[in-house]
Structures are given as structure tokens and as C-alpha cells.
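Please open the model in your viewer and keep the selection panel at hand. This tour goes from one selection to the next and says what can be found at each stop.

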Amino acid sequence: MSAILPPSERVWWNQPIDKLEFIWIAIAFIWSLTMFGMMIWWHIYGNQNLANETYKTTKEMFAAKAQAVVDQYTVRTETDKQVPVVKPPAGSDIYLIGRLWDWWPIYELEKGKTYKLHLSAMDYMHGFSLQPQNINIQVHPNYDHVVKITPTQAGTYSIVCNEYCGIGHHTMVGRVYVK
Amino acid sequence: MATTYRICPRSGLQFDTAAEKLMRFHAVAGVLALLVGGIMALGVILTRWPAIKLLPADTFYMVLTAHGIDMLIFWIIFFEMAVLIFASSTLLRCRLAMPKLAWVASILMVIGAIMTNVAIFQGESSVMFTSYVPMQAKPHFYLGLILFAVGALLICFIFLGTLVVAKAEKTYEGSIPLVTFGALTACIIAIFTIASGAIILIPTFLWSLGYIREIDSLMYRVVWWGLGHSSQQINVSAHVAIWYAIAAIVFGAKPMSEKVSRTAFFLYILFLQLASAHHLLSDPGLSSEWKIVNTSYFMYFAVLASMIHGMTVPGAIEQAQRLKGYNKGLFEWLRKAPWGNPAFSSMFLSLIGFGFLGGISGVMMGAEQLNMLIHNTIYVPGHFHATVVIGTTLAFMGLTYFLVPVLFKREVLFPGFAKIQPYLFGLAMYVVALVMMGAGTLGVSRRHWDMAFAGAPMAYEWPGAAYLMMGLTGIFSCIAIVGGAGWILQIVLSILFGKKLEEGEIRSTPIPLTLPAPTTGSTVHPPATPGTMVLALIFLTAFILYYFVNWKYLSSLWGLS
Ligand code: HEM
Ligand SMILES: [Cu+2]
């Protein structure tokens, strides 16, 4: 009987499965396992895995750490707002603050070197969206997310905010230089 | 008041009069929400279309909040309540349990919907439908959602109660129909979903009143998406059930295998609640192990279920058509399908679009690492306009073409327009979903007023192709809006002014369902379905290619560890 009526066979459980239907289920099952395996495989062999390292923090604590790095390694400032451009040594911990409505400070990184980038927000959530790379990470207040990044191409990059954060959201754009 | 029943002369279906009124009420409430959401869609798209940029930023975010809530929550859930009532009392030919309570629930839902809308249009609750903390809306924004959810929860219980009534009063024999089984799946997931919603929205409401000092933003996202994503599985279950229903109504199609289709629905129940992880793959504080297990619904068993439905629905149609003699070649059954019947064309466009556009993109961006390419870009709305608009909304629209004569007892006006409406709305939406995904692949943000970053000290310049994609999104969205508005107009006018149709016999006792005697022994062997298999293999090929192309793209990014 049709799908809007009760099954005509009382014991529908014993009806044989159509052959093509069965083949499709088998194929779909293998594909499901493949996709599951792919994520694990990438953790072992891939170079782009989002770090899990996260600490609870407070806005004040995080801001103080960022300020310390800025005080030590600022090389110049940019724009009318005097945003510091910070050139930290390779391998060091660097702190990026997301707040209404900017990313602070600007970093100047070396191509091929790895940095420990700490991300946190000062007010609402923000979205770290590195362009034109297209790497997108959610940034929470009170969480310090430590991502090890290794820039592979030189250039000027922008950090667009892609988590809605109020009326000035569209002006929240930061910058990273890779030399 | 005694229960009465109406036998519809056009479909043979039997409606409990009280249930029938409730269904009409929910269908109409849903369409009104769709109307408001649709007007908002126009505001959204005319602002995101870079060449037009109609609204100022604050209005845009308000309108976008209203669009998300009226569409995703109010339109879809109101309609789903009608589907639940239909799949229980109508398909099982029994009385609805507790009709008075059902009215209380329905009124609660309407009050909730109005309250939240009022809060949004007062302007200080532009927090998007996700209402992420610590951004705060006015208390009645949350309260409206809570009331709406309570109403919906009550109707879920009435659905379950009606199943019990049917069983106790023996209005059917054997197992419940597959479509009712699908609705049961939706109902069970809905109960889980609404519970998650209560766990997070009630504290958030108290927080907005000042009784709670702080709500952790990560915890909010974890629990909120237990509501937000799992509720999408209600939609999937509901629209898959409708696919089966339309296939049954239009073709008399019978499921290829009751066992397979029911097991597939059951997999939804087992694994779908894990899916809140889809939205947390690029968040801090959660381990990769947790992300992988949850995002894949434990090894993609729910995706497996959808792939099964994706084959068995067209497979059932192919079998039915071949039994009618459309046996030539691989695709005569499909060519000779009633493409001018809007119920069928909506359903088929919904099926193909949901699978090819919504399904493939969803699984791709649900891979833990690939999500970093996509998170919060306009790819995400691109994906879910393929699922909730092409998948769910279009299926609901198709079903409505059937319901107007059967439930509202009116002839559908403008049959010429009805023929093309599914293509106008559906195909335009295909393009909208695709170009939004295209823009998202280039990085363009969702929920973003100005891609030119006016006033930003360090503006970024998107590539020209991104502007092109957003321009195309604008153009095709307008076409889709014409198709959607046309549907609303047509349905509303038909209900109000369409030719009245014969009501049918009214009785005071239900006629139980009697089935033809089981045909054990001499079962006709159903024909094979090679055409469907070819379609399925084309789908799989597209899926595999697209999936690995994105891994290739990921491998070109900066190193991250
Ligand atoms: C022709 C009709 C429609 C058009 C042109 C349209 C257009 C859009 C666009 C362009 C966005 C993205 C805006 C942005 O992120 O900046 C959007 C968001 C959204 N749409 Fe639609 N849409 C339509 C119908 C629907 C329907 C029928 C549904 C639900 C069933 C829906 C649900 C949503 C939701 C949930 C969002 C997300 C809102 C948010 O990010 O908070 N839309 N729509
Ligand atoms: Cu921001």
C-alpha cells in the first residue's frame, strides 16, 4: 500500500530489500565511513587543523597581555587612530583583541615562521575572518583561544569581522602584514 | 460538543472537524508569517545587493532578525503543526486528542509569535534569530519565543496522544503509515529540541530581566544549537514525510521497502541531536574528538539516512510509473511524470535541490577542518536556503496545492500560474543558493551590512567576482520573491474567493481503515529502478568531487595547528 496507508503486509520487516536499493545503501555507507575517516586522517597528515588549546580568561587579563606585547615590539603606528604595528619575534605568543569595532593591534609576521596567536573578545562575540585566505574562527569573550599559525605567502591581509556585533560591525576590519 | 467527521469526496480522506479547523488555522498562521518574512526578505536582499544598498544599517539588522525568525521559526513550525495534525488524526482516521488544549496551544503560539515580532520591530532586539549572548534583546523577545515553544510542545503531545487514541480505538490495522512514522520522527526530535530551547532561553530571559548576571557565550552556543540545528532535523523529517506523501498521492507510489525507509527515519532520531556541533567547529574550548564524533552524527549515520530517502522516494515513483507502463529506457518514467502538477513539480524540485545543493554543501562544511573555510560566510545562508527554502518551504508549498481543495474545499485559482510557480520560485532559489555559496567561498560575510566597509579605517577590498556573485544573488532573489509572493497571493485568494467545492458527507462516527486482504504468496514483484540508480550515482559523483576539491582548497591555506 502507499505511504499514506498502513503497510499492507503486517510483517513488513521480513520483506526482502530491492537489489539496487541495497547496493545504494552499501555505497552510501562506505562513503559515510570515508568522510568520517577523512577528518581523522587530516589530523594526522594535514597542515590545517584548528587548535583545541583554550583557556578561560578575563577581559582585563587578556588586554594586559596584549598590551605587554604591544609595548615591547611596536615598530610604528598606522591610521589616524594610531593603531600600533607590532613585529614580534618568530615563535612568540601574540595576542589579538576583537572589540567594538576593531581588531587590535596590527601584526607584522615573517613568512614561514610559526606564531602562537591568542584570540579573545572584549565585549560581544566576534568573527575572525582572514582575507583573502578565508580562514574563519569564532572569537568569544572570556576565552583565550591559542592557534598556531604559519603564514605561507607574503602580502597584506585583512581581518574582517564576520560575527554580527552591532551597528558598526561592517567597519570592524583589521590587518596583518606578512613579510 | 460531539466529534464529527467529514469524508472528503476528492481524496477519500476523513477529517475530524475539530482537527480540520486547527489545520486550517495553522496553515493560515504559517502563510502570514511567510508573508511578513517575505517582505523582510525583500529588505534584506535589496540591501545586500551592492548596487542598491537600500536600508540603513540599523534597519537592515532589524529586518534580517525578523526575516530569520518569521521564516525559520514561525512559518515552518506553524505549518509543521498542521502536518502533525494531518499525519495523525487524518491519516489514521481518528479523532484528535484533546482539541480544547490544542486551541490553547495554538493561541499561545500566536501570542508568542506576535510578541517577538513586536519586540523586533520596536527596534531594540536586533540580535538575529540566534540571539547570541552577550548581546541582549528586550525581555519580551525571549518571552515570545518561549510561549511559542510551549504551544508547539503541547501540540507535539497532542500528536502523540492522537496516536494513542487511534491505537486504542482501532481505527487502523497493523503499523502506522510511513508518512505518519516520519511525522512521529519529527515530533520526537521536536520534543528534544524544544527542551534544549527551554534550557537556554529561559535563563536568557531571566538574564535580560536582570535576575542572572552573566551567561557564558560558549555554553549558550552549545545549548542553543541543540535547539537551532536539531530543529532543522524536524524540518528534514517533515519534508521527507511530505515527499513520500506527495509521491503516494500523485502516483499511488508505495515505499520500495517499509523496513529501509523506517529504519532511515529511526536513524534520524538516534543521531540528529548530535548536530549542534555543526555550528561549533570553529569555536574554541571544544576538543577535536568531540567535534568529529558529533559533527558526523557519529560516522555520518544521519547523512546515510538522508541518502537513503533521496533514493527511495524517486525509486518509489519510478516503480509506480513503471507499473503503469512507462517502461521505455532509463527515464521514460520521469519524462512522463506530471510536470504541470504543482504538487509534484514542487516535490521533485525540493528533492533534487535539497540533495544536490543543500545536502552536499552541508556535509562539506560539516567536516571539522573544512568548516574553517566557510564559518560565518554567506556560504552558510546559501546552504540553508537550499535546505529550508528549496527543501522544506517548497515541499510545504507543493503540499498546499493539494490541501486547498481537500482541506479548504476551494478550487485553486489561476491554474496557469500554479503550473509555473514551483519553477519560478524553486529554480530561482537554486541560483540564489549557488551564488551565495559562491560569494561565501570567496569569503564574503553573512549578516553584514556593507561589503565595501564604508567608514572602516582599513577597509578590505573583495575581489570583483564576489561583487558579481552578490549582484546575482540580488537579481535571482527578486525573481524568487516574485515566485513566493505569487504563491501566497494565489493561495490566499483561492481560499477566500476560489470556487467552493462540495463538502462531502459529515458523520458522527469514523469509518475505520480497512485494507485489502494481504496478498501473501502471490506478490507481484516490483520493477527494478535503474533510472533512480543512475540519478543516485550522478549525485554521488558530484558529492565526491566537490568534497575533495574543498580539501584541496584547504591545503593551500596557512599552516594551522
Ligand atoms: C525569496 C525568498 C528569500 C530570499 C530572497 C532570502 C534571502 C536571504 C538572504 C540574502 C539572507 C542572508 C542575509 C545575510 O546574512 O546578510 C537570508 C537569511 C536568512 N534566511 Fe532567507 N530568503 C528567502 C526566503 C527564506 C525562507 C523561506 C526561509 C526559511 C524557511 C529563510 C530563512 C532565512 C534565515 C534563517 C536567514 C538567516 C538570518 C540570519 O543570519 O540571522 N529565507 N535570506
Ligand atoms: Cu565584530
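A residue is called buried when its relative accessible area is under 20%, exposed when that value is over 50%, and partly exposed in between. Please keep in mind throughout that what you see is a predicted model.

**Stop 1: the copper ion**

Select ligand 2, the copper ion, together with H126(A), C161(A), C165(A) and M172(A), which coordinate it at 2.1 to 2.5 Å. If you display individual atoms, the donors to look for are ND1 of H126(A), SG of C161(A), SG of C165(A) and SD of M172(A). Which geometry do the four donor atoms around the copper ion make? The angles that they subtend run from 92 to 121°, and the arrangement is therefore tetrahedral. Along the chain, the donors of this ion follow the spacing H-x34-C-x3-C-x6-M. H126(A) belongs to strand β8 (residues 126-131) of chain A, whereas M172(A) sits in the loop between β11 (155-161) and β12 of that chain, so this pair ties together parts that are 46 residues apart in sequence.

Now colour these two residues by accessibility: are they buried or exposed? H126(A) has a relative accessible area of 0% and is therefore buried, and M172(A), also with a value of 0%, is buried too.

**Stop 2: strand β6 of chain A**

Next select residues 106-109 of chain A, which make up strand β6. I106(A) and E108(A) point one way from this strand, while Y107(A) and L109(A) point the other way, and all of them are buried. Add residues 83-86 of chain A, and you will have strand β3(A), which runs parallel to β6(A) and is joined to it by two bridges; here V85(A) has I106(A) as its bridge partner. Then add residues 173-178 of chain A, strand β12(A), which is also parallel to β6(A) and is joined to it by three bridges. In this pairing, Y177(A) in β12(A) stands opposite E108(A).

While you are in chain A, move to L100(A) and W101(A), which are joined by a cis peptide bond with omega of about -15°. W101(A) is part of the loop between β4 (93-99) and β5 (102-104) of chain A.

**Stop 3: where the chains meet**

Show chain A and chain B in two colours, and look at the contact between them, to which chain B gives 121 residues and chain A gives 87 residues. The size of an interface is often given as the accessible area lost when the parts come together. For chain B and chain A the buried area is about 9200 Å², with carbon and sulfur atoms giving 67% of it. Select M458(B), W558(B) and L560(B), since these three supply 11% of the area that chain B buries against chain A, more than any other three residues. Two salt bridges are found across this interface, and one that you can display is between the side chains of D216(B) and K56(A), at 2.9 Å from N to O.

**Stop 4: the iron atom**

Move into chain B and select ligand 1, whose iron atom is coordinated by NE2 of H67(B) and NE2 of H385(B), at 2.0 Å. The iron atom has six donor atoms, with angles of 87 to 179° among them, and the site is octahedral. H67(B) lies in helix α2 (residues 57-90) and H385(B) in helix α14 (residues 379-407) of chain B, so the two histidines tie together parts that are 318 residues apart in sequence. Both H67(B) and H385(B) are buried.

**Stop 5: a sheet and some turns of the backbone in chain B**

Three strands of chain B form an open, antiparallel sheet in the order β2-β1-β3. The edges are taken by β2 (14-16) and β3 (506-507), each with a single partner strand, so one side of each is left without a neighbour in the sheet. Strand β1 (residues 5-7) is joined to β3(B) by two bridges, and Y5(B) has R507(B) as its bridge partner there.

Finally, select K409(B) and F414(B), both in the loop between α14 and α15 of chain B. K409(B) is not a glycine, yet has a positive phi of about 55°, and F414(B), also not a glycine, has a positive phi of about 50°. With a relative accessibility of 15%, K409(B) counts as buried, whereas F414(B), at 44%, counts as partly exposed.

Terms used:
Residues are numbered from 1 along each chain as its sequence is written. Chains are lettered from A and ligands numbered from 1 in the order in which they are written. This is a predicted model: local features need pLDDT of at least 70, side-chain atom pairs count only at pLDDT 80 or more; totals for chains, interfaces and linings use all residues. Side-chain values use heavy atoms; hydrogens and water are left out. Buried means under 20% relative accessible area, exposed over 50%, partly exposed in between (1.4 Å probe, protein chains only). Helices (H or I, at least four residues) and strands (E, at least two) are DSSP runs, numbered from the N terminus. Two strands pair if DSSP finds at least two bridges between them. Donors are N, O and S atoms within 2.8 Å of the metal (3.2 Å for Na, K and Ca); water is not among the atoms, so sites may look incomplete. Four donors count as tetrahedral if all angles lie between 85 and 135 degrees; four count as square planar and six as octahedral if opposite donors are over 155 degrees apart and all others between 65 and 115; anything else is irregular. Contact means heavy atoms within 4.5 Å. Buried area is the accessible area (1.4 Å probe) that two parts lose on being put together, summed over both. A salt bridge is a side-chain nitrogen of Lys or Arg within 4 Å of a carboxyl oxygen of Asp or Glu.
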